[in-house]
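Here are a few short exercises to work through at your own pace. Have the viewer open, and try each task before reading its solution.

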Amino acid sequence: MKALLTSFLSGMVFAIGLGISGMTRPVKVIGFLDFFGEWDASLALVMLGAIAVYFVANRLSTKMPSPLLSPDFSLPKRSDLDTKLIIGAAIFGAGWGLGGFCPGPALTSLASGALPVFIFVVAIGIGMYVHTWATELRATNSSLTISPSNSTQDA
Amino acid sequence: MQQGLAARHRTKNSLMHNFTPIASLLGGLLIGLGASAMLLLNGRIAGISGILAGVLKPVRGDTLWRGCFLGGLFAGGLLLRLFMPRAFDFGVIRPFPILIVAGLLVGFGTRLGSGCTSGHGVCGISRLSPRSLLATITFIATGALVVLLVNHLTRGSL
């Protein structure tokens, strides 16, 4: 029960951070990605701040036998570099540059009530389902290897 | 052409005014704090695309915390709306067809690439994950390329 509350509060702090930082404003995101135009470096500082804090938290976590409110850590362990990772990140980046929202800011911005944000979030959901369908289709079509890509625990 | 140059000059000035180092750093610290709480208290990575995907394709016993986190995001959004409406001063909103294509790419790409700006760009890089570092470099690169193309093709009219 406590863990659900902290989940909620973490999300809330995260969202407020997104809002204060400028990540919820596509004009800032596109300005950051506009390296060849008039670059707005602000979002580099967002990453810097977030990484600085999380780097310390991660160090701390390695010294803990378990998280405070959960029996164990559930963290990604992969370290191999594969083409799916690169192609997926490339596709995501294209969508990010095109729309100016990544998933966190888009979900946070739903609270604004703006229709374009809602449309964007629905499209994200459909894109995710398309990936699931494509994966399942491949799995049924080829009995060679079934990649264990249905995990939702990422990064 | 001259008009294009003038517009470019204007954006240059306005973007210089838009540089927000303090707010962005402060926001980044809060993002890191929220993500850190998820790690130290719940033992989870605050990767938004992964958390969302887990709600869209629920697995018993692994869905409720995701719903709570996403609910928290929305609640944070409501607080912003009340106390800092400027956060939703989007500045640029692409036309619907483009937003739909962009959203589809974001949804599909984050699943194929196992994460987005939060999971790879913040959590993964902090954990010194080579996968996340590569993913982050890649999505910033293609994002920049797309912005370059869009700006070039539309000359800022989009």
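Two residues count as in contact if their C-beta atoms, placed from the backbone, lie within 7 Å. Keep in mind that this model is predicted.

**Exercise 1.** Work out how many residues chain A and chain B each bring to their contact.

*Solution.* Start with the totals: chain A brings 109 residues and chain B brings 114 residues. Next, look at which elements of chain A take part: α1 (2-21), α2 (26-33), α3 (42-62), α4 (83-99), α5 (103-109) and α6 (115-141) each supply at least two residues of the side that touches chain B. The greatest share of that side comes from α1(A), with 18 residues. Finally, sort the chain A side by residue type, which gives 65 nonpolar, 35 polar and nine charged.

**Exercise 2.** Describe the make-up of chain A in terms of helices and strands.

*Solution.* Count first: chain A holds six helices and zero strands. Reading from the N terminus, the order is α-α-α-α-α-α. Then take the dimensions: along its principal axes, the C-alpha trace of chain A spans about 50 × 40 × 30 Å. As for burial, 50% of the 155 residues in chain A are buried.

**Exercise 3.** Decide whether α1(A) is largely enclosed or largely open.

*Solution.* A residue is buried if 20 or more other C-beta atoms lie within 10 Å of its own. By that test, 15 of the 20 residues of α1(A) are buried, so this helix is largely enclosed by the rest of the structure. Now check its length: from first C-alpha to last, α1(A) reaches 28 Å, close to the 28 Å expected at 1.5 Å a residue. Just after α1(A) comes A:G22, with a positive phi near 105°.

Technical notes: Residues are numbered from 1 along each chain as its sequence is written. Chains are lettered from A and ligands numbered from 1 in the order in which they are written. This is a predicted model: local features need pLDDT of at least 70, side-chain atom pairs count only at pLDDT 80 or more; totals for chains, interfaces and linings use all residues. Helices (H or I, at least four residues) and strands (E, at least two) are DSSP runs, numbered from the N terminus. Ala, Val, Leu, Ile, Met, Phe, Trp, Tyr, Cys and Pro count as nonpolar, Asp, Glu, Lys and Arg as charged, and the others, Gly among them, as polar. A residue is buried if 20 or more other C-beta atoms lie within 10 Å of its own, exposed if 12 or fewer, and partly exposed in between; C-beta atoms are placed from the backbone. The expected span of a helix is 1.5 Å times one less than its number of residues.
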